[in-house]
Amino acid sequence: MFRKNLRKFIYVIIFSIVMIVIALPTVKYLPESVQGRFEKLAVNLGLDLQGGLHLEYKLDLSNVPDEKKGEAKNAVQAAAERKVNAYGVGEPIVWLSERGAETYLMVEIPGVKNIEDVKNVIQKAPLLEFKESKTEEEMAKEKTDMDAAMAETLAPMNEEAHQKAIGALERAKNGEDFVALGKEFSQNPDTATGEENVIDFKKRADLPTELGDALFSDNLSDGSVYPNLIETDQGWFIIKKLEMRGEGDEREVRAQYIPFGKVSIPVEPYKTTGLTGEFLERADVNMQNTMGGGISEPAVLLTFNGEGKDLFAEITKRNLGKPVAIYLDNQLISAPTVQAEIVDGRAEITGNFTVTEAKELARQLTEGSLPVPFELVSQQSVEATLGAEALAKSLKAGMYGLLLTMIFMTLYYRLFGLIAALALCVYTGTLVTIFKLSSYTPLSITLTLAGIAGITLSIGMAVDANVLIFERIREELRFGKPLRRAIAEGFKRAWPSIRDGNVSTIITSVILMMMGTSFVKGFALILILGIVVHIFTAIVLVRIVLTYISGDWLSNHSWLIMSNKKK
């Protein structure tokens with residue numbers, strides 16, 4: 001029995017140390033690598049503690065059929081998340097809130113300064129566009145126009161690359177190591193080894209004309225550097241012929257090259273067609289039995305309205321065998337190839353989709369087609385300094401409250417009170433550790449001022465549980481029972497009261513989470529978490545410690561537990 005109690009006691013000590021070490025903001029006397037990992041852990045602070053912007057939008061779902069409303073809400077949330085993330089602000093939070101028959105989109109963005117820009121970005125409706133490929137003539141003309149427009153800016157950069165290529169070629173011709181030169185002039189020096197730009201055995205017809213002419217030149221022997229720079233539309237190349245094999249038309253060459261790229265403005269390969277999301281009625285995932293043998297694969301089905309059907313028929317007619325690109329807010333999301341002219345307004349996108357990928361594509365298409373306007377109904381801006389001040393005051397108040405509670409418990413309940421005070425430290429450490437580690441899970445916990453109130457309340461409940469237990473133990477001791485039995489009876493008699501009080505609080509908190517707003521939900525969630533943790537520390541950990549120390553020595557020093565006069 002003693003060994004069993006000792007083992008449990010050691011587990012409690014180890015658990016307590018780990019929780020407190022993780023919870024500390026800085027950890028000294030640890031290896032730097034370990035210390036760095038601990039310091040990266042941080043509590044995710046809410047908007048009211050670090051400052052930022054809270055926006056509340058009301059969704060107008062009156063034009064959306066009932067069976068599509070759930071899909072529409074998710075699409076609006078996804079669009080808002082994508083826009084806010086693309087805006088580049090840190091750790092935004094976007095969620096939907098149902099109040100009666102109304103649906104609200106809540107957006108919290110910490111640290112944002114330009115409020116009007118953010119509001120405009122979120123308010124802007126998603127733009128879904130179907131685009132077709134530009135012709136070679138259109139691409140060439142556009143590139144020429146863009147290069148001409150940017151000539152003054154691009155010329156100095158390209159001349160610099162050209163001069164570097166000339167200098168490198170001279171060094172290569174003078175016998176410097178080709179691999180070392182490749183590493184020195186790599187366009188990605190962080191990952192360069194000098195050996196990555198190798199052309200494995202290829203026939204002349206498989207190479208760009210300029211490279212083929214140089215590498216298959218009769219005057220270029222194996223292991224030689226071509227004496228001139230090779231210039232293409234992409235830039236300049238220094239090439240070294242490594243090896244040639246085969247005869248006649250079957251000859252193949254292996255070579256290595258050092259590229260010096262030209263800076264140019266990329267030309268968008270697709271052009272608008274006038275077909276946008278307003279003409280798309282719906283996008284659905286369907287399982288198609290295209291492989292036979294009962295094996296199905298996911299496909300995305302598109303259905304256009306009357307005007308969209310005509311536009312899509314014209315597009316598919318003039319783009320047979322070519323891709324039609326689908327853009328959402330100027331981001332390419334798919335480019336399926338047209339297999340046949342489609343005149344009935346119903347198209348099917350197939351490919352090597354997984355079910356998840358097909359659902360994601362259908363969601364993006366839906367996002368750009370559903371008419372779900374929303375209006376801003378509430379805006380709250382919190383200054384970072386105000387949040388920091390509130391956090392500092394809250395932490396200071398919590399620390400003083402915790403310290404006074406620990407002093408009172410120690411003075412009044414003596415050794416048991418000291419153990420309860422230490423358990424409160426473990427409770428606090430465990431709670432902070434859970435907050436920190438939750439950032440690495442899908443259920444990340446955000447600490448707000450309301451959450452701090454929940455923690456404070458749960459600390460009081462943890463103390464209350466210990467008071468109930470210790471009073472029951474003292475009663476058993478007054479009846480003359482041995483210490484170990486008094487401890488067992490004390491926990492047994494106190495447990496129903498602790499259980500009933502905490503269960504009723506949890507039930508109330510769950511109702512608050514279901515019916516309340518975001519701050520109330522945060523308070524309720526952290527209060528529930530605090531209750532669970534304090535039950536664990538006050539009931540499980542404290543009991544293990546008391547059971548372990550309740551030996552003959554403590555029985556002979558009962559003044560450490562209560563006044564001998566009362567006993």
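Me: Which residues does Glu 56 touch, once those up to four places away in sequence are not counted?

Reply: In this predicted model, Glu 56 touches Arg 99, Tyr 104, Leu 105, Met 106, Glu 375, Leu 376, Val 377 and Ser 378, with residues up to four places away in sequence not counted. Glu 56 itself lies in strand 2, which covers residues 52-59.

Me: Is Glu 56 buried or exposed?

Reply: A residue counts as buried when its relative accessible area is under 20%. Glu 56 has a relative accessible area of 10%, and is therefore buried. For the chain as a whole, buried residues make up 39% of the 567 residues.

Me: How many helices and strands does the chain have, and what share of its contacts joins residues at least 24 apart?

Reply: The secondary structure comes to 16 helices and 17 strands. Among contacts between residues at least 6 apart in sequence, 69% join residues at least 24 apart.

Me: I would like to read a sheet next. In what order do the strands of the open sheet with 4 strands stand?

Reply: The order is 6-9-8-7, and the pairing is antiparallel. Strand 6 (198-202) and strand 7 (230-231) stand at the edges, and because each has a single partner strand, one side of each is left without a neighbour in the sheet. Against this sheet packs helix 7 (residues 151-173), which touches strand 8 and strand 9 (252-261) and whose direction makes about 35° with that of strand 8.

Me: How many bridges join the neighbouring strands, beginning with strand 6 and strand 9?

Reply: Strand 6 and strand 9 pair in the antiparallel sense over 3 bridges, and here Ile 199 has Ala 255 in strand 9 as its bridge partner. Strand 8 and strand 9, which also run antiparallel, are joined by 10 bridges, with Met 244 partnered by Val 253 in strand 9. At the other edge, strand 7 pairs with strand 8 (residues 235-245) in the antiparallel sense over 2 bridges, and Ile 230 stands opposite Phe 237 in strand 8.

Me: What lies between strand 8 and strand 9, and why can strand 9 be called largely enclosed?

Reply: The two strands form a hairpin with 6 residues between them, and Gly 246 in the turn has a positive phi of about 85°. As for strand 9, 7 of its 10 residues are buried, so the strand is largely enclosed by the rest of the structure.

Me: Let us turn to helices. How should I describe the packing of helix 13 and helix 14?

Reply: Two packed helices are described by the angle between their axes and by the distance between those axes. The axes of helix 13 (residues 449-478) and helix 14 (residues 483-515) come within 7 Å and cross at roughly 145°, and the crossing is right-handed. Among the residues that meet are Met 461, Ala 465, Leu 468 and Ile 469 in helix 13, and Ala 494, Ser 497, Ile 498 and Asn 502 in helix 14. The residues of this contact divide into 12 nonpolar, 4 polar and 5 charged.

Me: Which charged side chains of helix 13 and helix 14 pair?

Reply: Side chains of opposite charge can pair when their charged atoms come close. The side chains of Glu 475 and Arg 493 meet in a salt bridge (3.2 Å, N to O). This pair links distant parts of the chain, with Glu 475 in helix 13 and Arg 493 in helix 14, 18 residues apart. Glu 475 counts as partly exposed at 26% relative accessibility, and Arg 493 likewise counts as partly exposed, at 36%. Salt bridges that share partners join Arg 472, Glu 475, Glu 476, Lys 481 and Arg 493 into one network.

Me: How many salt bridges does a search of the whole structure find, and where in the chain do Lys 141 and Asp 145 lie?

Reply: The search finds 23 salt bridges. One of them joins the side chains of Lys 141 and Asp 145 (3.0 Å, N to O). These two residues are 4 apart in helix 6 (residues 136-149), which means that about one helical turn separates them. Lys 141 is exposed, with a relative accessible area of 54%, whereas Asp 145 counts as partly exposed at 41%.

Me: What is the exposure of Arg 282 and of Asp 284?

Reply: Arg 282 counts as partly exposed at 38% relative accessibility, and Asp 284 is partly exposed with a relative accessible area of 22%. The side chains of Arg 282 and Asp 284 meet in a salt bridge (2.7 Å, N to O).

Terms used:
Residues are numbered from 1 along each chain as its sequence is written. This is a predicted model: local features need pLDDT of at least 70, side-chain atom pairs count only at pLDDT 80 or more; totals for chains, interfaces and linings use all residues. Side-chain values use heavy atoms; hydrogens and water are left out. Two strands pair if DSSP finds at least two bridges between them. Contact means heavy atoms within 4.5 Å. Axes are lines fitted to C-alpha atoms, for helices over the stretch in contact, and angles run from 0 to 180 degrees between N-to-C directions. A crossing is left-handed if the near helix is turned anticlockwise from the far one by less than a right angle, and right-handed if clockwise. Ala, Val, Leu, Ile, Met, Phe, Trp, Tyr, Cys and Pro count as nonpolar, Asp, Glu, Lys and Arg as charged, and the others, Gly among them, as polar. A salt bridge is a side-chain nitrogen of Lys or Arg within 4 Å of a carboxyl oxygen of Asp or Glu. Buried means under 20% relative accessible area, exposed over 50%, partly exposed in between (1.4 Å probe, protein chains only).
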